[in-house]
Amino acid sequence: MAKVRTLLMALVLLVLAAAPAFAAAKIERVVSTSGIEAWLIEDHTNPIISMRFAFRGGSALDPADKEGLANMAAALLDEGAGELDSKAFSATLEDLSIGLDFQAGVDTFGGNLKTLVDNKDTAFRLLRLAMTEPRFDAEPVERVRSQILVGIRQSAEDPDTLASRTLYKTVFAGHAYGRPTDGTEVSVNAITVADLKSFVAGRLARENLYIGVVGDITPAALAKELDAVFGKLPPKAKPWMLTRVEPVGAGRTIVVEKAVPQSAIVFAEKGVMRADPDFYAAFVMNHILGSGGFTSRLYDAIREKRGLAYEVHSGLQPFDFAALITGGAGTANARVADTLQLLRQEWAKMAEKGVTQKELDDAKTFLTGSYPLRFLSSDRIASMLVGLQVENLGIDYPDHRNGLIEKVTLDDVNRLARKLLDPKRLTVVVVGKPEGVTSSP
Amino acid sequence: MLALVALLPVFAGRVGAGVFNPETFALANGMMVVVVPNHRVPVVTHMVWYKVGSADEGQGESGIAHFLEHLMFKGTHKRAPGEFSKILARNGGRENAFTSTDYTAYHQTIAVDRLEMIMEMEADRMTNLVLDDRVVETEKQVVLEERRSRTDNNPGAVLQEQVNAALYLNYPYRRPVIGWEHEIRALNREAVLRFYKRWYAPNNAVLVVAGDITAAKLKPLAEKYYGAIPAAPAIARERPSEPPQRAARRVTYRDARVRQPSWSRHFLAPSLKVGDIRHAYPLEVLSDILGGASGRLYRSLVVDRKIAVSAGSSYAADDLGPSRFVLYASPQPGVGMDKLEESMETEIAKLFADGVTESEVARAKKRMRAQAVYARDSMRTGARVLGAALASGLTIDDVEKWPERIGAVTVEQINAAARAVLQDSRAVTALLLQQPKKE
């Protein structure tokens, strides 16, 4: 035993020493002639280019009564553009094995392009066409609309999805964050081709664009492509305005009755904004509370010791204009009350007694030591390059990110736990037929 | 393109030849070792694959392979329950495990300078597992919750279980990997340890390490930790085989939770190991032609005829036992299931009558070659594909020469495979329908 401990001590020291050395993977800032910027990690190991990008502004900007517009546009941009109708466009993508897709997030509208180097000219051209000359022909518009409607109807019966939707609707009541990204049956039916065109014209612009690229391309070649692909986008997006929102519904419990054998439980409380100086303390606290895989407190109390759930976790959810700490679990209807009681106990315990120095140290060595694990594929690295820009973290962030975690003290975490975690303020949604749990008035 | 139905992952099982270029060696006790170098970051993925899955379970013990997988985290003579995970986490590692019909695997991803520590711990739990009744009973509750969330809460998954039981008359793929609920409840510590002792041994395991490592560096460590474990007596996987199938079967599941009905037909099919194996590669190409974003079925049923919201096919050649070729579709609102089925049958008839075209085959092959290039990018893909292949009775060559073998498939072979395999007498047609609500 003593020997094992010595070995581990040595390893802990190594983690701290090793982490910065890895971050040397160089991110280059590439700026095109017309001023379009991308962050690049050049890597010629495989003949592949992975590009990810995001426009600030997501589904939260969908017009009232047209919820789901950004999501529907995302599903249609690769369904025909320029001279290529939907069939020709998708056949070209498929035949050349070019991956091109778009996704609507709450705060961003994102896209991915992945291609073999041999096909990059076509890939970049299709991407340009998709963003600047989408066709929105009747056939794909109606086909995609009916697919989205099927998805919405199905998710109304899926306990996890229904629980999340109800939670956001509750804590962000009256705010755009309370609406589902994919909309409702009514709103999706109301979306017109004119709406889709105005989405593209008003939202995809150069000023709110962030690009990350990984792979077999030089900075000079990328700079040229940036102008060709994104140069025709308008310089500015249509002005928009969202306001900071405080979650509401603290302390409420909402039960949505569904005849399912296992209840889906989700919960939320006010969290910490990404730019808040306390973010890193919250990050470490949440890791100890419910994000640490097989080692978190919630995992230990609810799954390991009691066998109450297969899945139980918590997570930080910073939006651009709000922040939550959220979580979820799934348990048999008869055991929901027990699970909620344990959840609230853990919440209170951390608020009142804080975490131990050992928990803090272990969390830090995990969070710093596991950072390189985010860099295992081109797609993930490219996403991270976009994330760094969207969150305004700076191009040298990978070099000092672990330092920010190291700086978090026991006082920081415990002060934050007292401030954030209040079991009486948790908003809880249960979908199922829970025994002994009812909606609060 | 909106993907409504989760297609099989692109690399589900088998990818490309000369793609991973692994190094391999064997330990004296029979444990096979595979190294997949990838030097992007100083990290490795370490996996131990056991050649045992749910299809190797005994009568009445469904779910035991998966239950053991959970219990492998509960400690050894040297380590308390959960200690493995705590040590790993403290060192910045991530881990998990998974069980399939044909294998069980444990994996960690961690900085390469921690590899030795992981190997010591993984080797320790290969033979030194310690279980007590309380831990076993508590974890059983976790597995029952896992079953509820994966299966019972999901009408599509409930139907899938029934389809498997109907498709395989005798082969153990008819049982769910997670197990039938009543049999999970009956599992106990003794049964699990018996299963563990029978199957967990170096000569029934494959070590795969991918990442910033070479065989030369790994070999002394593998010998030190895994090589020190004595081989168990020869372990044979003896599974019952499938009798001739003679009757078309239909399985209909109605559930009030279904908002969107779906149709599928599951044909018993050869794999690379069982049945008329020469059809396996042609069936892979056929599935690419029929399924896929602009494949025949999507284009015909969804785009042109507008009777379905999704349609496609799936097939995996790398099962150790008999595989299945699946056709599926989900109707547009207002389109009856009869009409959908008829349209799918028309597609099959057309395939039998006219076959696939040279151009379809050439395009499919090109796409499949590209998949092999993409597969090289992620560090974990090579480890997963090679590990799964070896644990399912295939060889490194089967993986590395895959593009070549796919490249050699002809139009005639695909047409012959389609006619041989897509026969109703060896198929289950499955319907997922809405049960009108009573209340």
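**Exercise 1. In this predicted model, determine how many residues of chain A are in contact with chain B, and which element of chain A gives the largest share.**

Solution. Counting contacts across the two chains gives 63 residues of chain A, which meet 56 residues of chain B. Next, assign the chain A residues to elements: those that give two or more residues to this side include α1 (2-22), α3 (86-95) and α13 (357-369) of chain A, together with α5 (138-155). Of these, α5(A) provides the largest share, with ten residues. Finally, sort the side of chain A that touches chain B by residue class, which yields 29 nonpolar, 20 polar and 14 charged residues.

**Exercise 2. Work out the strand order of the six-stranded open sheet in chain A, and identify its edge strands.**

Solution. Following the pairing from strand to strand gives the order β1-β2-β6-β3-β5-β4 in chain A, with mixed pairing. The edges are then β1 (28-31) and β4 (99-104) of chain A, since each pairs on one side only. Within the sheet, β2 (residues 37-42) and β6 (residues 209-215) of chain A run parallel and are joined by four bridges, and Glu42(A) stands opposite Gly215(A) of β6(A). Helix α4 (residues 120-132) of chain A lies across β3, β4 and β5 of chain A, at about 160° to β5(A).

**Exercise 3. Explain why the buried residues of α16 in chain B are on the same side of the helix.**

Solution. Begin with the buried residues of α16(B) (411-421), which are Ile414(B), Ala417(B), Ala418(B) and Val421(B). They lie on the same side of α16(B) because they cover an arc of only 100° around the axis. Their cover includes β8 (262-269), β10 (323-331) and α12 (358-375) of chain B.

How values were computed. Residues numbered from 1 in each chain as written. Chains lettered and ligands numbered in written order. Predicted model: local features only at pLDDT ≥ 70, side-chain atom pairs only at ≥ 80, totals over all residues. Buried ≥ 20, exposed ≤ 12 C-beta atoms within 10 Å, placed from the backbone. Arc of directions from axis to C-beta. Contact = placed C-beta atoms within 7 Å. Nonpolar A, V, L, I, M, F, W, Y, C, P; charged D, E, K, R; others polar. Pairing = 2+ DSSP bridges. Axes fitted to C-alpha atoms, helices over the stretch in contact; angles between N-to-C directions.
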